[in-house]
Amino acid sequence: MQIILRGDSGFCREEIMSWCEFNQVDYCLGLAKNEHLKAEIAPEMLEARGMHQKTGSASRVYKDFRYQTLKS
């Protein structure tokens with residue numbers, strides 16, 4: 001059975017991610033905004049804005065990338 005843990009940025013902690021990786025539990029956790037992350041997703045934000053302008057509806061664009069804090 002595959003288990004996936006999903007949580008907001010309040011759960012994005014080294015201890016939780018390490019536990020998940022050790023126990024082979026996949027996870028999808030939110031990250032708090034910072035300047036590095038905003039720069040990383042700038043093209044996707046422009047794409048989402050363009051989609052919103054065309055449709056008038058909320059738009060989401062996803063991106064998968066590796067991220068590491070200075071301390072982890």
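## Two strands side by side

Strand β1 (residues 4–7) lines up with strand β2 (residues 26–29) in the parallel sense, joined by four bridges. Strands count as paired if DSSP finds at least two bridges between them, and helices (H or I, at least four residues) and strands (E, at least two) are DSSP runs numbered from the N terminus. Leu-5 has Tyr-27 of β2 as its bridge partner, while Gly-7 is matched with Leu-29.

This is a predicted model, where local features need pLDDT of at least 70, side-chain atom pairs need pLDDT 80 or more, and totals for chains, interfaces and linings use all residues. Residues are numbered from 1 along each chain as its sequence is written, and side-chain values use heavy atoms, with hydrogens and water left out.

## A helix in between

Add helix α1 (residues 14–22) to β1 and β2 and you get a right-handed β-α-β unit. Right-handed means that, with the strands pointing away from you, the path from the first strand over the helix to the second runs clockwise.

## The largest pocket

What lines the largest pocket? It has 35 lining residues, and Leu-29, Gly-30, Leu-31, Leu-37 and Phe-65 lie nearest its centre. A pocket here is an open set of points on a 1 Å grid over the protein atoms alone, where a 1.4 Å probe fits, with protein on both sides within 12 Å along at least five of seven lines; lining residues have an atom within 4 Å of a point.

Helix α1 gives the most to this lining, with four residues. Phe-65 also has company: the charged end of Lys-63 sits over its ring, 5.6 Å from the centre (the rule asks for NZ of Lys or CZ of Arg within 6 Å of the ring centre and within 35 degrees of the ring normal).
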